[in-house]
Amino acid sequence: MGRLSFMIKWLRLHKPLKLLIFLWVLFSVQQHTVWGSDTDKSALLEFKGSVSDPSGVLASWNLNSLDHCSWVGVSCDSGSRVVALNITGGGNSLSCARISQFPPYGFGIRRPCLGSNSKVEILGKLSPSIAKLTELKILSLPFNELSGEIPVEIWGMEKLEVLDLEGNLISGSMPVRFKGLKNLKVLNLGFNEISGEIPSSLSSCVGLQVMNLAGNRVNGTIPKFIGGFRDLRGLYLSFNQLGGSIPIEIGGNCGKLEHLELAGNILVEGIPKSIGKCRGLKTLLLYSNLLEEVIPIELGQLRQLEVLDISRNNLGGSIPAELGNCSKLSVLVLSNLWDPLPNVSSSRDGFSMEKLDFTTDEFNFYEGTIPAEITILPSLRMVWAPRATLEGQLPGSWGSCGNLEMLNLAKNYYSGKIPEGFSNCKKLHFLNLSSNRLTGEIFDKIPVPCMTLFDISGNHLSGSIPKFNNDVCAPFQSLRGDLSNFYDSTSAYISYFTHRTRIESPLPLFGDGDSFTVFHNFGSNNLTGTVQSMTIASERLGKQTVYAFFAGQNNLSGSFPGSFFEKCDQVRGMMLNVSNNVLSGEFPPDSSTMCKSLILLDASRNQIVGTLPPSINDLVSLWALDLSWNPLGGSIPISLGQIKNLERLSLAGKQAERSHPCKLRAAVLFRSA
């Protein structure tokens with residue numbers, strides 16, 4: 001009892017001391033907060049002093065400002081400690097110009113770059129002062145022109161969760177060892193100039209959700225420890241110099257992985273079967289590597305897969321029917337004849353086109369055909385498989401075909417008829433079946449008038465060119481502007497391929513980038529009958545449309561040009577190739593009634609008679625004219641030399657014996673291909 005009484009007395013006597021201790025602790029915390037806040041302000045000003053800010057985005061950062069938490073790009077916690085620094089550049093940055101040259105990438109983390117209205121641009125080296133922001137969780141400075149190496153102090157930051165420097169000019173290599181970044185969730189260093197290998201030190205970032213090193217100069221191999229990242233949602237390693245095989249460990253803990261992009265490297269051996277365990281995978285991009293063997297049937301387990309691109313490798317064997325289990329598959333690219341990788345590099349003085357150290361060709365040669373289990377997939381929007389050694393009957397089962405937009409099976413060994421099932425493909429705007437072994441007649445219910453490209457040239461088709469019956473055309477999403485505006489992977493892919501096929505087209509491009517080309521090619525078959533009126537739907541006509549109709553090397557007859565040009569005044573430009581047929585009739589005596597928007601006319605090797613009228617200079621848009629080897633008479637009108645845009649002219653044959661205007665003699669040697 002005496003001891004208890006003593007304790008009570010002691011507590012009563014020392015109440016002032018306890019209060020003093022409490023006040024001291026409270027004062028110390030406040031002082032620490034104030035001191036930390038002042039340190040953050042000083043660190044931000046130090047960072048500002050180390051960079052150039054031509055756009056003035058950091059104008060609010062000044063010593064006289066009392067609240068640094070109100071500065072542009074700065075976010076603070078309740079204690080005025082800086083927790084996020086986010087300044088996104090864009091507009092005229094060199095990195096944005098470089099990124100725009102590459103195929104779509106970064107699905108799941110895409111955002112505007114060149115297409116943004118931002119004129120923000122920060123230049124200079126990344127300052128170590130950033131590391132003094134000890135509470136910083138987010139460091140996001142993408143699409144600027146920061147250069148030099150990432151300071152070692154930043155690699156030591158303990159609380160950083162997001163390190164986002166995508167689209168800068170960061171160089172050097174990642175450190176072999178570092179002590180910080182234990183809480184890192186996003187490492188986004190895509191499209192810089194980082195070299196060296198992926199260091200084992202990154203294995204300590206066990207909570208990583210996004211790793212983007214695409215578009216750098218990273219070499220070595222893909223480390224096995226990546227398979228240990230259980231929370232990884234996106235792995236982006238495309239457009240580097242990575243070699244070796246894809247580690248099977250990548251499928252070890254990939255339950256959350258949605259995007260796997262390894263394109264444009266030097267990866268060898270086979271596609272790991274373990275990728276089939278990544279059940280949440282939405283995009284799988286493996287194109288432009290040296291991958292061999294066959295497509296694993298295990299990929300059929302990817303029920304969420306939307307985009308699969310395995311083109312430009314060394315794959316073979318049959319295409320597994322198990323891919324038909326990928327119920328959400330929208331884009332399937334099995335082969336590709338044009339190189340998607342640009343020859344582009346960046347520097348502080350601008351970006352220039354240079355030859356890449358390594359680029360692959362298309363060596364995927366499959367056996368058999370595309371299984372019906374794939375062609376009937378309801379979400380399928382694009383199938384791309386030119387020169388893939390596919391053979392047999394052309395796939396006839398396209399399901400409801402309600403979503404199919406682009407189909408390229410050119411330069412294969414398909415035989416038989418063109419399936420009538422294509423008549424159900426109301427959204428189909430690109431169909432290339434050229435250079436196969438197709439026979440029979442052309443079905444008149446195929447929606448050719450709605451198609452921007454319909455190419456069946458180089459087959460053995462017979463019968464006449466139908467007067468196609470078509471309903472109202474489905475809306476067509478033409479490509480305009482920056483691809484980064486397409487966040488949906490499928491739409492971005494289709495828009496990109498639409499854009500590239502326009503560039504790779506054998507047709508000359510005219511006007512500015514707003515022109516819209518519609519190309520219907522019936523050439524090099526056994527077609528008979530007459531040339532129909534322009535096979536283009538009214539929805540595809542317009543002052544931006546350039547319409548090309550090719551039907552050379554057939555057995556077409558009838559009068560030239562007949563009623564073909566009746567819609568000519570409803571398009572921006574017109575190209576016509578009906579060479580090597582048996583067309584007859586007289587060349588129109590009044591060219592003004594012919595087609596003033598005519599850009600190209602090749603009617604060579606027919607039976608067209610008459611003379612070239614003096615009014616031929618009314619064809620003011622004419623760029624190429626080939627009327628060689630026709631029984632035309634008379635002299636060549638001097639007005640032909642008054643057509644300003646005329647660059648290619650061939651009048652070989654009987655006319656060659658007659659007089660030419662002097663200025664045209666050098667041009668008559670041209671022969672249309």
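The protein exposes about 28,400 Å² of surface. Carbon and sulfur atoms supply 53% of that area. The model is predicted. It covers 673 residues, and buried residues make up 55% of them. The fold holds 6 helices and 34 strands. Contacts often link distant parts of the sequence. Among contacts with a separation of 6 or more, 63% come from residues 24 or more positions apart.

Start with the inside. The largest nonpolar core has 152 residues. Phe-422, Phe-522 and Met-574 have the most contacts inside it. Several elements give two or more residues each to this core. The helices are α2 (15-50) and α4 (152-155). The strands are β3 (82-86), β28 (516-521), β30, β31 and β32 (598-602). A second core is separate from this one and has 40 residues. Among its members are Phe-239, Ala-263, Tyr-287 and Ala-548.

Tyr-287 leads to a charged residue. Asp-309 touches Tyr-287, along with Leu-284, Leu-285 and Leu-286. Val-333 and Tyr-493 also touch Asp-309, leaving aside residues up to four places away in sequence. Asp-309 is found in strand β16. Which partner does this buried acid have for a salt bridge? Asp-309 has none. The nearest side chain of opposite charge belongs to Arg-312, 8.8 Å away. A salt bridge would need the charged atoms within 4 Å.

Now turn to the cysteines. A disulfide is a covalent bond between the sulfur atoms of two cysteines. The structure holds 4 disulfides. One of them is formed by Cys-69 and Cys-76, with sulfur atoms 2.1 Å apart. The torsion about its S-S bond is -100°, and the link is left-handed. Is Cys-76 buried or partly exposed? Cys-76 has 23% relative accessibility, so it counts as partly exposed. The limit for a buried residue is under 20%.

Another disulfide pairs Cys-254 with Cys-278, with the sulfur atoms 2.2 Å apart. This link is also left-handed, with -100° about the S-S bond. Cys-254 lies in the loop between β13 (234-236) and β14 (259-261), and Cys-278 lies in the loop between β14 and β15, so the bond ties together parts that are 24 residues apart in sequence. Both Cys-254 and Cys-278 are buried.

What does the disulfide of Cys-450 and Cys-473 tie together? The sulfur atoms of this pair are 1.9 Å apart. Cys-450 sits in the loop between β25 (437-438) and β26 (453-455). Cys-473 sits in the loop between β27 (462-464) and α6 (489-504), so the pair ties together parts that are 23 residues apart in sequence. The torsion about the S-S bond is about -85°, so this disulfide is left-handed. Cys-450 is buried because its relative accessible area is 4%. Cys-473 has 9% relative accessibility, so it counts as buried too.

Two other cysteines are worth locating. Cys-205 is buried, with a relative accessible area of 0%. Cys-326 is buried, and its relative accessible area is 0%.

Last, look at the backbone. Most residues other than glycine have a negative phi, and most peptide bonds are trans. Some places in this model depart from that pattern. Leu-181 is not a glycine, yet its phi is near 60°, a positive value. Leu-181 is found in the loop between β8 (169-173) and β9 (186-188). Its relative accessibility is 0%, so Leu-181 counts as buried.

Glu-293 also has a positive phi, near 70°. Glu-293 lies in the loop between β15 (283-285) and β16 (307-309). Is Glu-293 buried or exposed? The relative accessible area of Glu-293 is 55%, so the residue is exposed. The cut-off for exposed is over 50%.

The peptide bond joining Phe-560 and Pro-561 is cis. Its omega is about -10°. Pro-561 lies in the loop between β30 (542-550) and β31 (571-577). Both strands give two or more residues to the largest core.

Key:
Residues are numbered from 1 along each chain as its sequence is written. This is a predicted model: local features need pLDDT of at least 70, side-chain atom pairs count only at pLDDT 80 or more; totals for chains, interfaces and linings use all residues. Side-chain values use heavy atoms; hydrogens and water are left out. Helices (H or I, at least four residues) and strands (E, at least two) are DSSP runs, numbered from the N terminus. Buried means under 20% relative accessible area, exposed over 50%, partly exposed in between (1.4 Å probe, protein chains only). A nonpolar core is a set of buried Ala, Val, Leu, Ile, Met, Phe, Trp, Tyr and Cys residues joined through side-chain atoms within 4.5 Å. A disulfide is a pair of cysteine sulfur atoms within 2.5 Å. Contact means heavy atoms within 4.5 Å. Accessible areas come from the Shrake-Rupley method with a 1.4 Å probe; for residues, only the protein chains shown count as cover. Lys and Arg count as positive and Asp and Glu as negative; His and the chain ends are not counted.
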